[in-house]
Every structure is written in structure tokens, then in C-alpha cells.
Amino acid sequence: MTITQLYYVLAVAENQNFTKAAEKCFVTQPTLSMQIQKLEDELSIQIFDRSKKPIELTDVGKKIVTQARNIVNESYRIQDIVDQQKGFIGGEFKLGIIPTVMPTLLPMFLKNFIKRHPKVKLIIEELTTDEIIARIKDGHLDAAIAATPLEDDAIKERVLYFEPFVSYIPKNHKLHTNKKIDIAELDVSDMLLLEDGHCFREGVLNLCKAFKTQQDEQFQLESGSIETLIKLSDEGLGMTLLPYLHTLDINDKEKENLHFFKEPSPAREVSLIYHKSELKMQIIEALQDVILGVVRGAIAFQDVQIISPLASSKK
């Protein structure tokens with residue numbers, strides 16, 4: 001049994017196809033198939049049910065894949081140990097970022113990080129929290145930036161900052177004249193929300209204690225874009241809530257519609273998250289150092305109340 005054979009098994013399990021798996025592993029399909037067959041012969045079992053289309057794992061194959069993933073990850077740790085011993089910060093690093101953080105935080109730190117660590121090849125992808133968790137567990141992401149806490153034993157979290165919620169209330173709205181907003185005044189039936197799947201949406205719903213189904217409303221409006229929510233709010237279709245960093249880039253006219261909450265201000269906790277195996281920690285720590293260096297000057301809020309990013313049904 002070799003680590004290469006286990007790596008091939010993981011590739012087939014992921015792609016459910018020997019040809020695609022071989023392409024991902026940069027080997028010929030006969031080579032990959034031969035090595036997996038050799039492993040199955042050695043163990044006297046079938047890892048894959050080849051009669052199914054697409055190929056499926058057998059029951060014992062599912063258990064082998066779980067263990068194979070642990071072994072392959074641990075094998076990467078050897079190179080990781082060597083890199084840390086040499087003080088080397090470089091190589092490929094896959095980073096996921098949730099959609100409501102990507103457009104504001106990434107421009108703040110990316111140029112600085114590339115300048116300080118030119119040997120790191122950052123591969124950045126915008127993903128939902130659920131996608132991020134799945135990919136970290138599968139080994140397809142090295143780390144991510146997401147709203148926390150996630151309450152997942154397989155994930156470790158390093159808090160980067162606390163980002164307050166800010167109300168965006170147009171002039172024709174009943175709450176516009178209020179200097180500061182009380183959480184108890186929020187009514188989700190009068191609020192424009194991000195689409196389902198956004199953890200910021202879940203935070204808003206968790207914040208609004210008196211949740212209504214909106215079945216009696218004339219419409220229910222959701223969007224995948226915070227910028228769209230602002231424009232719809234300006235059209236008199238309701239108020240919305242924004243993450244604080246998004247308020248820094250809006251124009252002066254729009255800023256007249258911003259209303260902060262009474263303290264402690266509701267806020268989300270934004271963290272750098274990664275697998276409990278702690279691979280590539282030298283790059284994770286370098287990322288944390290750069291991000292903390294740029295974000296401290298942008299967010300100075302202290303008296304905040306952290307709102308969970310988890311769906312209400314999970315709480």
C-alpha cells in the first residue's frame with residue numbers, strides 16, 4: 001500500500017470517474033486503474049462499484065476513503081514540518097472567502113500580502129459558508145475567511161475582527177428619523193434580505209427576534225448583492241442591514257441613510273478558519289498578521305454583541 005495509491009483512490013472518489021481522476025492526477029488512466037486494482041487485490045476487497053454509472057464507493061470503500069484522506073493529509077505534514085523548520089513561506093495556498101466579506105476585505109490586504117510573501121501562490125475563491133466547510137474537510141481548501149463561530153469540531157478559528165451591523169434606512173421609512181436604532185424596532189417583514197445561503201442573512205434573521213413568515217406581505221424580496229439591496233431600499237421597498245465595511249465605500253448621499261444601533265451594537269465575528277490538522281500554519285499565520293495589520297485601522301468598535309451566523313434551525 002502506498003500514499004500514491006491512496007491519493008488515486010481519493011481522486012476517483014471525488015470525480016466518480018477513472019478518466020477524470022487520472023487527468024487531475026496527471027497520469028494515464030491505465031496507470032491509475034492499475035494502482036487502484038493493485039490496492040484492492042492487496043486488501044482483498046472492492047473499493048469501487050464499477051457497475052454503477054457514475055462509479056460509486058462500496059460500503060467498505062467509504063470507510064477506506066475516510067481513512068485515506070487522513071493518511072494523505074498527514075503525509076503532507078512532513079513537507080509542512082520541513083518548510084516550517086526552514087522558515088519557508090511559499091507554495092500554493094487555496095483560500096475561500098464568503099461573498100459578504102470578499103469585496104471589502106480582499107482589496108484591503110491582498111496587495112500587502114503578495115508584496116510581503118511573493119513565494120506564496122494564492123488561489124482565492126468566493127464560496128458560501130457551507131461550501132467552505134465541506135472543502136476544508138475534504139482537503140480542497142487550506143483556509144477560509146468566514147463569519148463565526150461555526151461550532152464545528154473539525155474546524156479551528158482565529159478571530160480577525162468584529163464587524164457591526166449598520167441599518168440602511170431610506171428617507172421615506174418610519175425609522176429614518178431615529179438617530180440610533182434599537183434591535184427591538186426591527187421587523188423582518190419590512191426588510192430586504194440577501195438570498196438564502198448567505199450567512200449574513202442568517203445573522204439578520206437571528207437578530208430579528210420577532211420573525212414573520214411574510215405570507216401576508218405583497219412581496220418577498222431577496223438578492224445576492226448588497227449593492228442591489230441598497231438600490232431597492234432607495235426605491236422605497238424597505239430597509240436593509242449592511243456589514244460595516246460595506247458602508248465605507250458608499251457615496252455621500254447613501255451615507256445619509258446609515259443608522260447605527262444602540263450599544264452594544266450587533267456585530268458579526270469574522271475569522272480565519274482552517275482544518276484541525278493545522279497544515280500550512282506558517283502561511284495561515286502570515287495571512288492573519290497581514291489582515292490584522294490593515295483591519296485594525298478600519299474597525300475600532302469594542303462594545304458589540306456577536307450575532308450567530310448559523311441558521312436558526314441549527315442553533
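**Note on the predicted model**

1. At 24% relative accessibility, L57 counts as partly exposed, because the buried class ends at 20% and the exposed class begins over 50%. L57 belongs to strand 2. Between the C-alpha atoms of L57 and T19 there is a separation of 16 Å, with the two positions 38 residues apart along the chain. The model under discussion is a predicted one.

2. Overall composition and extent. The protein chain has 315 residues, and buried residues make up 48% of them. Its secondary structure comes to eleven helices and twelve strands. The C-alpha trace spans about 75 × 50 × 30 Å along its principal axes.

3. Peptide geometry before P54. The bond that joins K53 and P54 is cis, with omega about 0°. P54 sits in the loop that runs between strand 1 (48-49) and strand 2 (56-57). Strand 2 is also the element that contains L57. As background to this point and the next two, most residues other than glycine have a negative phi, and most peptide bonds are trans.

4. Peptide geometry before P149. A cis peptide bond is also found between T148 and P149, where omega is about 5°. The loop between strand 5 (143-148) and strand 6 (155-168) holds P149.

5. Positive phi ahead of helix 11. Which backbone angle deserves attention at E278? Phi of E278 is near 60°, a positive value in a residue other than glycine. K280 likewise has a positive phi near 60°, and is not a glycine. E278 lies in the loop between strand 11 (265-275) and helix 11 (281-295), and K280 is placed in the loop between strand 11 and helix 11 as well. E278 has 28% relative accessibility and therefore counts as partly exposed; K280, at 25%, is likewise partly exposed.

6. Packing of helix 5 against helix 11. Two packed helices are described by the angle between their axes and the distance between the axes. For helix 5 (residues 102-116) and helix 11, the axes come within 9 Å and cross at roughly 125°. The two helices are therefore oblique to each other, since an angle between 115 and 145 degrees is neither roughly perpendicular nor roughly antiparallel. The crossing of helix 5 and helix 11 is right-handed.

7. The largest pocket. How much space lies in the largest pocket? The volume is about 1100 Å³. The lining comprises 38 residues, of which Y76, K94, G139, H140 and D142 are the closest to the centre of the pocket. By class, the lining divides into 15 nonpolar, ten polar and 13 charged residues.

8. Elements around the largest pocket. Helix 4 (59-86) provides the largest share of the lining, seven residues. The elements that each supply at least two residues include helix 1 (3-15), helix 2 (18-25), strand 3 (91-97), strand 4 (120-126) and helix 6 (129-138). Strand 11 and helix 11 are also among the elements that each supply at least two residues of this lining; the loop between strand 11 and helix 11 is where E278 is found.

9. The largest cavity. Rolling a probe the size of a water molecule over the atoms shows where empty space is left. The structure holds two cavities of 30 Å³ or more, and the largest cavity contains about 60 Å³ of space. Its lining is made up of M191, L192, L193, L194, F200, R201, V204, I226, L229, T240 and L241. Nine of the lining residues are nonpolar, one is polar and one is charged. At least two residues each come from strand 7 (193-194), helix 7 (199-207), helix 8 (226-234) and strand 9 (240-243), with the largest share, three residues, from helix 7.

10. The second largest cavity. This cavity has a volume of about 40 Å³. Which residues line the second largest cavity? They are A147, F165, C199, F200, G203, R268, I307, S308 and P309. The lining divides into six nonpolar, two polar and one charged. Helix 7 gives the most to this lining, with three residues. F200 appears in the lining of the largest cavity and also in that of the second largest cavity.

Technical notes:
Residues are numbered from 1 along each chain as its sequence is written. This is a predicted model: local features need pLDDT of at least 70, side-chain atom pairs count only at pLDDT 80 or more; totals for chains, interfaces and linings use all residues. Side-chain values use heavy atoms; hydrogens and water are left out. Helices (H or I, at least four residues) and strands (E, at least two) are DSSP runs, numbered from the N terminus. Buried means under 20% relative accessible area, exposed over 50%, partly exposed in between (1.4 Å probe, protein chains only). On a 1 Å grid over the protein atoms alone, a cavity is a set of points where a 1.4 Å probe fits but cannot get out, and a pocket is an open set with protein on both sides within 12 Å along at least five of seven lines; lining residues have an atom within 4 Å of a point. Grid points are joined across faces, edges and corners, and a volume is the space filled by probe spheres set on the points. Ala, Val, Leu, Ile, Met, Phe, Trp, Tyr, Cys and Pro count as nonpolar, Asp, Glu, Lys and Arg as charged, and the others, Gly among them, as polar. Axes are lines fitted to C-alpha atoms, for helices over the stretch in contact, and angles run from 0 to 180 degrees between N-to-C directions. Angles under 35 degrees count as roughly parallel, over 145 as roughly antiparallel, 65 to 115 as roughly perpendicular and the rest as oblique. A crossing is left-handed if the near helix is turned anticlockwise from the far one by less than a right angle, and right-handed if clockwise.
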